[in-house]
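Reader: I should like to learn how enclosed space, cysteine pairing and an annotated domain are read from a model. Could we take these topics in turn?

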Amino acid sequence: MSFYHRMGEVPKKRHTTFYKPNGELFREQVMGTKGFSGIQSILYHHNPPTQVRATRKFADVTPEFVEQDDLKHQHFKTFDVRPGGDPIGGRRYLLGNNDVLMGVCAPTEPMDYFYRNADGDEVVFVHEGEGELQTIFGTLTYQPGDYLVIPIGTTYRIVPSVQSRFLVIESHNEIVPPKRYRNEHGQLLEHSPFCERDIRLPERLETHVESGEFEVRVKRQSVVYSYLFDFHPLDVVGWDGYLYPYALSIHDFEPITGRIHQPPPVHQTFAGQNFVICSFVPRLYDYHPQSIPAPYFHSNVESDEVLYYLKGNFMSRKGIYEGSITLHPMGIPHGPHPGKIEGSIGKKETSELAVMLDTFHPLKVTRQALEVEDGAYMTSWLPPSE
């Protein structure tokens, strides 16, 4: 989010002396995007962030995409993905292209290290669980329904307090609120489905001065590298600027409705390079006396459509479960299952809850996704057999 914020102690002027009580200088770090022309924040460390004891290649995490023999709609049951690993190492990538990756994670192990994604911004959506996102900018608590937006280059770790389940979207660029909801200064406008009051920034800044051995793993071009420091990486005493992690609850997204069916852009919550993220939330149906609340059949207009189902009775689908992911690729039409159009007529509201990812370049499917695929999904639009 592009509004100014400050936490902790910072000097009166940028790039000037700022001393610790013992007379040593705090170490200033400018962290920004697009060189020096994008948004940025300035952080003040106890230790130089460049002071690395050792580094090595840790792992290649390039997703294993597969070539498919046909073009079809697909359904993946993500609750069948085996839980395991920590909140980073336990990520299981299912779909992706050169702009974005989508995966799920149900960690069973704690993070004994910190992490930094140098490829782009991340959105970690909390399906289940509670805990903390601990970052160099401070700590954010999370709960079910939260979008955790983490800027590129942020050092962090996720610390669940109870069993958690995440949907993870990793971008190769920045993730921001839709442009049509912002004025020239970046402020969210009156017709936006959420506003700055709904944005939760880090709640507290915890400055660590411990010494020892601390690991930070950095992802760059799908390779993770390990860096060892002699000091705790969350040693920031203060920062200010426009770049920082934040949380937005899907429950604070206010739906836009109309007399007749509204197209998916009204559900848009975030925008990335060549993709958008949308929120389907409980809402009143269309109120024209002859309206059909269920969506019309449509061919995706130069985009692949992915839906992650959270809960509720999704009005246009059957055979969908909590944690299901459906992929409707560009080139073939899709729409409501048999009987869903007729069944929606006269209904007043829906309780559905889902996250949608629309990409403007085709998505590839991973081998891990095929392991939990519902092979009968493409034929689920056929009339019921007699």
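Author: We begin with cavities. A cavity is a set of grid points where a 1.4 Å probe fits but cannot get out. Rolling a probe the size of a water molecule over the atoms shows where empty space is left. The model here is predicted.

Reader: How many cavities of 30 Å³ or more does a search of the whole structure find?

Author: The search yields three cavities of that size. For the largest cavity, the volume is about 60 Å³.

Reader: Which residues line the largest cavity, and how do they divide into nonpolar, polar and charged?

Author: The lining consists of T78, V81, R82, P83, G84, G90, R92, V104, C105, A106 and R165. Five of the lining residues are nonpolar, three are polar and three are charged.

Reader: How many disulfides does a search of the whole structure find?

Author: A disulfide requires two cysteine sulfur atoms within 2.5 Å. The search of the whole structure returns zero.

Reader: Why is there no bond from the sulfur of C195 to that of C278?

Author: The closest cysteine sulfur to that of C195 lies in C278, 19 Å away, and this is too far for a bond. C195 is partly exposed, at 28% relative accessible area, whereas C278 is buried, at 3%.

Reader: Which residues does the UniProt domain annotation cover?

Author: An unreviewed UniProt entry assigns residues 111–247 to "domain: Homogentisate 1,2-dioxygenase N-terminal". Over residues 111–247 the model has 47% strand and 0% helix, and the C-alpha atoms at the two ends are 20 Å apart.

Technical notes
Residues numbered from 1 in each chain as written. Predicted model: local features only at pLDDT ≥ 70, side-chain atom pairs only at ≥ 80, totals over all residues. Heavy atoms only, no water. 1 Å grid on protein atoms, 1.4 Å probe; cavity = no way out; pocket = protein on both sides within 12 Å on 5 of 7 lines; lining within 4 Å. Points joined across faces, edges and corners; volume = space filled by probe spheres on them. Nonpolar A, V, L, I, M, F, W, Y, C, P; charged D, E, K, R; others polar. Buried < 20%, exposed > 50% of the residue type's maximum accessible area, 1.4 Å probe, protein only. UniProt positions renumbered as here; feature names shortened; annotations may be inferred. Helix = DSSP H or I, 4+ residues; strand = E, 2+ residues; numbered from the N terminus.
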